[in-house]
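Please open the structure in your viewer and keep the sequence panel beside it. This tour moves from one selection to the next, and says at each stop what is there.

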Amino acid sequence: MIRTLAVTHEGEVLTGLPLESIRMADYAWIWADFAEPTAEETRLLDTYFHFHPLAIEDCMHILQRPKLDYYDDVQFFVLHALNEETLQAEEVDLFLSSSFLVSYHHQHQPELDEAWANVREEIHSRQGWSGGPVAAAYSVMDKLVDYYFPSLYNLEDELADLESKGGTESVEDLMSQVFNVRGRLLKLRRTIVPMRDLMYRIVNSQHVQSNNQERVYFGDIYDHLLKLTDMLEADREMTADLRDSYISLNSNRMNAIMKTLTVITTVFMPLTLIAGIYGMNFNHMPELGWSLGYPVVLLLMLALGLGMLWWFRRRGWFK
């Protein structure tokens, strides 16, 4: 599907015009959005806009790292949207010039819908903005980055829950949840960090912005990405701390269990020795014919066990 937004020289916004019927000279600028395009619609990138073949090829081969390429008077952007359910990156391509903006994406992106509505309603509302393709490109990038925040906030909430229930679940379950969150943070990092690097290049590029005020707007997106990166690194450090804490907790529990088993084993070793000696059933054993032999041996074993426990306690083994 291709939707169009055309702005006349008088400032009137027209939408829904067939792309083939639009003559660039008749309008101040246009925005054409290729949403889940067919092969026939994709060919318009070449037959109508005459974009560079390498840029068109990049649109067809997904998923690429975010980047910025220059082709004569057209800037080509590869951006990443974020799927909130899978946290996988989804490619959004932009072609930007002084007279048009072309967006191209293989999946439906609600961010593009919001940017489209904003541009349509507020095209002349930003002071210092021309309301042209650069403003529309800024709106798209801003919405893409804004949609990163909810996913990261959700993961931070999960980390807070994991911190609070450290003593109520098994260490195995907690470790599994920590590694699950850490894996999703890694997915976010693969999207956010390349976008941050791309936005740094855009902010410092002389080809995209024409004045300092526009640079401020793109710099605001870069600041958001820096904030996201800082949050991401802090969350990854938190997962590492939780992992180390759970490993230490598990080790302490294992040490306590092993200490208990060691004490029990140590107490029963001499008792087993005594029981083994009197279980040999030799004919000439002095105590076999003694009527008090059995209770005396039991009392000896009891006294020996209690004495060993008292000695372990005195040595501080139970602390």
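The stops below go from the whole chain to a sheet, then to single strands, a loop residue and a helix.

**The whole chain**

Begin with everything shown, and keep in mind that this is a predicted model. The chain holds nine helices and seven strands, and of its 319 residues 42% are buried. If you switch on the surface, its accessible area comes to about 17,600 Å², with 55% of that belonging to carbon and sulfur atoms. Among the contacts between residues at least 6 apart in sequence, 65% join residues that are at least 24 apart.

**The sheet**

Next, select the strands, which form an open sheet of seven in the order β2-β1-β3-β7-β6-β5-β4, with mixed pairing. At the edges you will find β2 (13-15) and β4 (67-71), each of which pairs on one side only. Direction ignored, neighbouring strands of this sheet are turned by 15 degrees against each other on average.

**Strand β5 and its neighbours**

Now select residues 74-82, which are strand β5. How many of the nine residues of this strand are buried? Nine of the nine are, so β5 is largely enclosed by the rest of the structure. In a regular strand the side chains alternate between the two faces of the sheet. With side chains displayed, Val74, Phe76, Val78, His80 and Leu82 point one way from β5, while Gln75, Phe77, Leu79 and Ala81 point the other way.

Add β4 to the selection, and you will see that β4 and β5 pair in the antiparallel sense over five bridges, with Tyr70 standing opposite Gln75 in β5. The hairpin that these strands form has two residues between them, and in it Asp72 takes a positive phi near 55 degrees.

Then add β6, which pairs with β5 in the antiparallel sense over eight bridges; here Phe95 in β6 is the bridge partner of Phe76. The hairpin of β5 and β6 has six residues between the strands, and in this one the residue with a positive phi, near 60 degrees, is Leu87.

**From β6 to β7 and the loop beyond**

Select residues 89-96, strand β6, together with β7, and follow their antiparallel pairing over five bridges. Val92 stands opposite His105 in β7 along this pairing.

Continue past β7 (100-105) to Gln109, in the loop that leads to α4 (110-122). Is Gln109 buried or exposed? Although Gln109 lies in a loop, Gln109 is buried, with a relative accessible area of 2%. Leaving aside residues up to four places away in sequence, Gln109 touches Ala81, Glu90 and Val92, and of these you have already met Ala81 as a buried residue of β5.

**Helix α9**

For the last stop, select residues 293-314, helix α9, whose 22 residues reach 31 Å from the first C-alpha to the last, close to the 32 Å expected at 1.5 Å a residue. Colour Gly293, Val297, Met301, Gly305, Met308 and Phe312, which are buried, and turn the view to look down the axis of α9, where its buried residues fall within an arc of 110 degrees and so line one face of the helix. An α-helix has 3.6 residues a turn, so residues three or four places apart point the same way. Finally, colour Leu299, Leu306, Trp310, Arg313 and Arg314, the exposed residues carried by the face of α9 that is turned away from its buried side.

Methods
Residues numbered from 1 in each chain as written. Predicted model: local features only at pLDDT ≥ 70, side-chain atom pairs only at ≥ 80, totals over all residues. Heavy atoms only, no water. Helix = DSSP H or I, 4+ residues; strand = E, 2+ residues; numbered from the N terminus. Buried < 20%, exposed > 50% of the residue type's maximum accessible area, 1.4 Å probe, protein only. Contact = heavy atoms within 4.5 Å. Expected span 1.5 Å × (residues − 1). Arc of directions from axis to C-beta. Pairing = 2+ DSSP bridges. Axes fitted to C-alpha atoms, helices over the stretch in contact; angles between N-to-C directions. Areas by Shrake-Rupley, 256 points an atom, 1.4 Å probe, with all protein chains shown as cover.
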